[in-house]
Amino acid sequence: MRVLGVDPGLTRCGVGVVEGVAGRPLTLLGVGVVRTPVDADLGHRLLAVEQGIEQWLDEHRPEYVAVERVFSQHNVRTVMGTAQASAVAMLCAARRGLPVALHTPSEVKAAVTGSGRADKAQVGAMVTRLLRLSAPPKPADAADALALAICHIWRAPAQNRLQQAVALHTAQATKGRTA
């Protein structure tokens, strides 16, 4: 499974590609940050994020895209920019027919470190260990993108089984009502 993880942001949008399957060593294929100038107008910044993500999709050809789920923060301006960058990432994936998974920050932290309350340093340290890197990816947005990809690789099989079970249950319940 090859996953592009996206840690959305307008100034720094972390991107990272990881390949592997649950229970096996993972492989880092690429990591970086799509940057936009703070003084540019919003439309141009979103366009720059879109162009950057498209380049990553072209270069690495992921099968899935994992994006951090935007959660309410105290700073509305920050959450709006994050949500807009998140939407751009989802749009780029949808344009190519790629499945998108949204993972909460605490879900990613728990998957990678064992604690949903881990700090950025702990996430970076575990990403470094899991991908057998010599140093944590910088900036933290890049490490967070890799953590998203890792989380998806590890959690997708269980999520898929749950979705299949729900679909089967729904189909059986519908069939029972029409019989």
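Arg61 is exposed, with a relative accessible area of 55%; exposed means over 50%, buried under 20% and partly exposed in between, using a 1.4 Å probe and protein chains only. This is a predicted model, in which local features need pLDDT of at least 70 and side-chain atom pairs count only at pLDDT 80 or more, while totals for chains, interfaces and linings use all residues. Residues are numbered from 1 along each chain as its sequence is written, and side-chain values use heavy atoms, with hydrogens and water left out.

You will find Arg61 in the loop between α1 and β4. Helices (H or I, at least four residues) and strands (E, at least two) are DSSP runs, numbered from the N terminus. Most residues other than glycine have a negative phi, and most peptide bonds are trans. The table gathers the positive phi values.

| Residue | Place | Phi |
|---|---|---|
| Arg61 | loop between α1 and β4 | about 45° |
| Gly97 | just after α2 | about 75° |
| Arg132 | loop between α4 and α5 | about 55° |

Arg132 is exposed, with a relative accessible area of 53%. The loop between α4 and α5 (140–178) also holds Pro139, which a cis peptide bond joins to Lys138, with omega about -10°.

Now to two charged residues in helices. Arg45 lies in helix α1 (residues 42–60). Arg45 is buried yet has no salt bridge, that is, a side-chain nitrogen of Lys or Arg within 4 Å of a carboxyl oxygen of Asp or Glu. The nearest side chain of opposite charge is that of Asp39, 7.3 Å away; Lys and Arg count as positive and Asp and Glu as negative, with His and the chain ends not counted. Leaving aside residues up to four places away in sequence, Arg45 touches Leu10, Thr11, Thr36, Pro37, Val38 and Ala40, where contact means heavy atoms within 4.5 Å.

Lys120 belongs to helix α4 (residues 120–130) and is exposed, with a relative accessible area of 52%. Its side chain makes a polar contact with the side chain of Asp144 (2.4 Å). A polar contact is a pair of N or O atoms within 3.5 Å; within protein, one must be able to donate a hydrogen and the other to accept it, and residues adjacent in sequence count only if both atoms are side-chain atoms.

Finally, helix α2 (residues 76–95) has 20 residues and an expected span of 28 Å, which agrees with the 28 Å between its end C-alpha atoms. The expected span is 1.5 Å times one less than the number of residues. Buried residues of α2 include Val79, Ala85 and Cys92, and the buried residues pack against β1 (2–7), α1, β4 (64–68) and β5 (100–103).
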